[in-house]
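Work through the exercises below with the structure open. Each task is followed by a solution in steps.

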Amino acid sequence: MSDIDAGELGELLLSIQKLDTEILGLKRDIEGLAEKHNLGGLLEQLGKAKEARAEAQENLDDITHDQHKLDGELDILSSKIKKEEEKMFSGTVMNPKELSAIQAEIFSLRKKSDEMETGDLELMEAIDGGRAEVEKTGRMVEEVSAEERRARDEYDRGLVEKEHRVGELEGERDKLKQEVPDEDVLALYEELLESKGGLAVAVIDHGRNCGGCHIEFSRTQIDRFQHDEGVFRCENCRRILVK
Ligand SMILES: [Zn+2]
């Protein structure tokens, strides 16, 4: 461990950084996974579809109830008409005044019955429409529900895959960390990783720029990078610099 030279330490830190960068990227992917698969949006759609189906069902139940009620009223009305007709043709009522009163009653009851039958037909049509709406909204619920299940499965698969990969990379990284001979260097690395947006170790670009903050180094610094081996710090962003 202690025979590691400055150049090797730089390479080691860079390898650790590369693994941490990949891990951070995967963790960000995991955070965005639910949104990527539109889980929230699909759940909202599913809620709305279920609401529409419940509304359609309620509407159908209401119309069906009204129609049954009307059917009942029509039954009562036809037995009333039948009774009046029986009375009229029974021969027991002889008084013409009374007979014409019965006739007028029958006429008015028939008129009412016709109106109610028209209403009944309208309600039956509305029931057909209501049933179609229940079916349509029911299909919508099934479709959205299937889509939501599919999306959730994909999300679960993606999550397991990515978490597994994170575990592998963390294992590799932790192994490399054990090779770092200096605990202070490791502590510095950790601290910078936390405070510098996940980039603790930067390479010196083109021999003169910080790969982290991109500042151009002074001539003297560039000379140092060229002639010294090992690990440096950027004077601007304080990141660990390696060649
Ligand atoms: Zn810098």
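**Exercise 1: The nonpolar cores**

In this predicted model, the largest nonpolar core has 28 residues, and those with the most contacts inside it are Leu 13, Ile 16, Val 180, Tyr 189, Ala 200, Val 201 and Ile 240. Find which elements give two or more residues to this core.

Solution.
1. The elements that meet this condition are helix H1 (6–31), helix H3 (39–89), H4, helix H5 (183–195) and strand S4 (240–242).
2. H1 gives the most, with nine residues.
3. Domain 1 (6–31 + 182–242) and domain 2 (37–176) each supply at least three residues to this core.
4. Leaving aside neighbours within four places in sequence, Val 180 is in contact with Leu 9, Leu 12, Leu 13, Ile 16, Val 185 and Leu 186.
5. A second, separate core has 16 residues, including Ala 56, Leu 70, Ile 106 and Leu 123.

**Exercise 2: A serine in H4**

Decide whether Ser 113 counts as buried or exposed, and list what Ser 113 touches.

Solution.
1. Ser 113 lies in helix H4 (residues 96–178).
2. The cut-off for buried is under 20% relative accessible area.
3. Ser 113 has 12% relative accessibility, so Ser 113 counts as buried.
4. Not counting residues up to four places away in sequence, Ser 113 touches Leu 74, Leu 77 and Ile 81.

**Exercise 3: The zinc ion**

Identify the protein donors of the zinc ion and name their arrangement.

Solution.
1. The donors are the SG atoms of Cys 210, Cys 213, Cys 234 and Cys 237, lying 2.3 Å from the zinc ion.
2. Their spacing in sequence is C-x2-C-x20-C-x2-C.
3. The four donor atoms subtend angles of 107 to 115°, so the arrangement is tetrahedral.
4. Cys 234 is buried at 0% relative accessible area, and Cys 237 is buried at 6%.

Definitions and conventions:
Residues are numbered from 1 along each chain as its sequence is written. This is a predicted model: local features need pLDDT of at least 70, side-chain atom pairs count only at pLDDT 80 or more; totals for chains, interfaces and linings use all residues. Side-chain values use heavy atoms; hydrogens and water are left out. Donors are N, O and S atoms within 2.8 Å of the metal (3.2 Å for Na, K and Ca); water is not among the atoms, so sites may look incomplete. Four donors count as tetrahedral if all angles lie between 85 and 135 degrees; four count as square planar and six as octahedral if opposite donors are over 155 degrees apart and all others between 65 and 115; anything else is irregular. Buried means under 20% relative accessible area, exposed over 50%, partly exposed in between (1.4 Å probe, protein chains only). Helices (H or I, at least four residues) and strands (E, at least two) are DSSP runs, numbered from the N terminus. Contact means heavy atoms within 4.5 Å. A nonpolar core is a set of buried Ala, Val, Leu, Ile, Met, Phe, Trp, Tyr and Cys residues joined through side-chain atoms within 4.5 Å. Domain bounds come from an automatic or database domain assignment.
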